[in-house]
Amino acid sequence: MDSWFSFKRWSVRQYGTPLYRIPVDPGWGCPHRRPGETGRGCSFCSVTSGRARQLGEDPLEVITQVERAIEFSRQRYGEGVLQLYVQAYTATFASVEALRRLVEPLLESHDFVSLSVGTRPDCLPPSHVKLLADWNQSVDVWIELGIQSCHNATLINLNRQHSWEDAVKAVGRLRERELHVCPHLLFGLPGETSDEMFETLDQVVNLQVDALKLHNLHVLRDSPLGFRWSQQPFSVLDETAWLELVMQLLRRIPPDLPVFRLFTDSPPEERLAPSTQFSKGEFLTELSRRMTERSWCQGDLWRPNAKEAIRVDSRSHL
Ligand code: SF4
């Protein structure tokens with residue numbers, strides 16, 4: 001019995017088989033900076049903005065990226081259903097027509113059961129939301145929303161240039177259109193206490209989102225925070241401290257809310273701090289071991305508040 005509701009468990013429950021993500025990077029940049037530009041943007045974000053490693057470093061035609069990623073997925077993981085993931089930077093920063101031209105041919109030419117789009121709370125114009133809602137009639141459309149924290153002082157420190165209130169409005173508008181929302185949250189930020197981190201989690205859970213991705217701060221070489229760290233190193237949660245914290249976070253998450261990610265995975269050559277990180281296998285094994293040993297599981301500290309008690313989920317897969 002898993003101690004938490006993982007992406008894999010959720011996808012097998014939803015589709016009867018694992019769901020594999022096929023990343024594409026259209027290279028559109030984001031409201032903060034153009035692709036490859038350094039010295040600007042959110043303080044934690046590196047110049048590659050999380051571009052999938054299997055895409056390599058060369059700019060590739062999108063169709064080549066997709067074919068390469070499907071081959072990689074089949075060889076590494078075997079059979080399963082596929083999700084097209086418009087990843088890296090801000091996918092809704094392009095015009096609605098550019099987004100349509102990118103996505104529709106890929107949905108038509110490949111057997112995707114789902115589409116996931118990464119974006120920011122302040123980058124969801126009505127035209128884009130409508131297009132996403134239209135696609136949601138034929139494939140399951142997920143919006144991966146970079147919220148990071150509910151504390152505006154933290155968002156200012158991170159140079160996010162959007163507020164918590166923007167995030168609340170964005171989630172509301174996406175849910176109105178029955179789009180699936182997966183916020184990205186960032187923990188271990190300089191200046192945030194554990195109570196503040198738990199508050200972020202509680203506030204986001206109360207927005208009735210459909211999944212969560214939890215990240216721990218990694219200070220990356222080609223990021224504004226990396227520059228600051230090189231001038232004057234500051235304390236960052238190490239792998240063991242994050243493991244302990246993420247267990248406490250999981251205990252406060254409703255047991256039926258899938259958690260699609262539990263840690264940041266950055267290439268060692270790009271990471272300045274923490275100096276080491278568990279491999280994915282080591283991290284998950286150790287997490288399971290400690291949770292089981294302590295008789296902890298996802299949601300064992302979660303108590304529905306009044307808002308949670310009337311949680312209505314018309315999407316039966318969750
Ligand atoms: S986190 Fe997103 S919005 Fe911020 S700089 Fe990176 S790609 Fe741009």
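In this predicted model, the protein chain exposes about 14600 Å², and carbon and sulfur atoms supply 50% of that area. Of the 318 residues in the protein chain, 56% are buried. The secondary structure comes to 11 helices and 9 strands. Among the contacts with a separation of 6 or more, 81% are between residues 24 or more positions apart.

Aromatic residues offer a good place to begin a closer look. A pair of aromatic rings is described by the distance of the centres and the angle of the planes. The structure holds 10 aromatic pairs. In one of them, the rings of Trp10 and Trp142 have their centres 5.4 Å apart and their planes at 85°, and the pair is therefore edge-to-face. Because Trp10 belongs to helix α1 (residues 7-15) and Trp142 to strand β4 (residues 140-148), this pair ties together parts that are 132 residues apart in sequence. Both Trp10 and Trp142 are buried. A stacked arrangement is found for Phe187 and Trp242, with 6.1 Å from centre to centre and 25° between the planes. Here strand β5 (residues 180-187) contributes Phe187 and helix α9 (residues 239-251) contributes Trp242, so the pair ties together parts that are 55 residues apart in sequence. Phe187 has 0% relative accessibility and so counts as buried; Trp242, at 1%, counts as buried too.

Ring pairs also build a cluster, made up of Phe7, Trp10, Tyr15, Trp142 and Phe260. One member of this cluster, Phe7, has the charged end of Arg21 over its ring, 5.9 Å from the ring centre. Elsewhere, Arg252 lies over the face of Phe198, at 3.9 Å from the ring centre.

Charged side chains add a further set of links, as a search of the whole structure finds 12 salt bridges. Asp134 and Lys130 meet in one of these, with an N to O distance of 3.0 Å. Both residues lie in helix α4 (residues 126-135), 4 residues apart, or about one turn of the helix. Asp134 is partly exposed, with a relative accessible area of 38%, and Lys130 is likewise partly exposed at 43%.

Helix α10 holds a salt bridge with this spacing as well: Arg290 and Glu286 are 4 residues apart, and therefore separated by about one helical turn. Their side chains meet at 2.8 Å, N to O. Arg290 is buried at a relative accessible area of 15%, and Glu286 counts as buried at 17%. Both take part in a network of salt bridges that links Glu244, Glu286, Arg289, Arg290, Glu293 and Arg294.

The salt bridge of Asp300 with Arg251 has its closest N and O atoms 2.9 Å apart. This pair links distant parts of the chain, with Asp300 in the loop between α10 and α11, Arg251 in helix α9, and their positions 49 residues apart. Asp300 is partly exposed at 22% relative accessibility, whereas Arg251, at 11%, counts as buried. Beyond its neighbours within four places in sequence, Asp300 is in contact with Arg251 and Ser295. Asp300 and Arg252 are 48 residues apart in sequence, while their C-alpha atoms are 6.9 Å apart in space.

Another loop aspartate, Asp25, is placed between β1 (19-24) and α2 (62-77). Asp25 is buried, with a relative accessible area of 9%, and a polar atom of its side chain lies 2.8 Å from the backbone nitrogen of Gly27.

How values were computed:
Residues are numbered from 1 along each chain as its sequence is written. This is a predicted model: local features need pLDDT of at least 70, side-chain atom pairs count only at pLDDT 80 or more; totals for chains, interfaces and linings use all residues. Side-chain values use heavy atoms; hydrogens and water are left out. Rings of Phe, Tyr and Trp (its six-membered ring) pair if their centres lie within 6.5 Å; planes under 30 degrees apart count as stacked, over 60 as edge-to-face and the rest as tilted. Helices (H or I, at least four residues) and strands (E, at least two) are DSSP runs, numbered from the N terminus. Buried means under 20% relative accessible area, exposed over 50%, partly exposed in between (1.4 Å probe, protein chains only). A charge sits over a ring if NZ of Lys or CZ of Arg is within 6 Å of the ring centre and within 35 degrees of the ring normal. Contact means heavy atoms within 4.5 Å. Accessible areas come from the Shrake-Rupley method with a 1.4 Å probe; for residues, only the protein chains shown count as cover. A polar contact is a pair of N or O atoms within 3.5 Å; within protein, one must be able to donate a hydrogen and the other to accept it, and residues adjacent in sequence count only if both atoms are side-chain atoms. A salt bridge is a side-chain nitrogen of Lys or Arg within 4 Å of a carboxyl oxygen of Asp or Glu.
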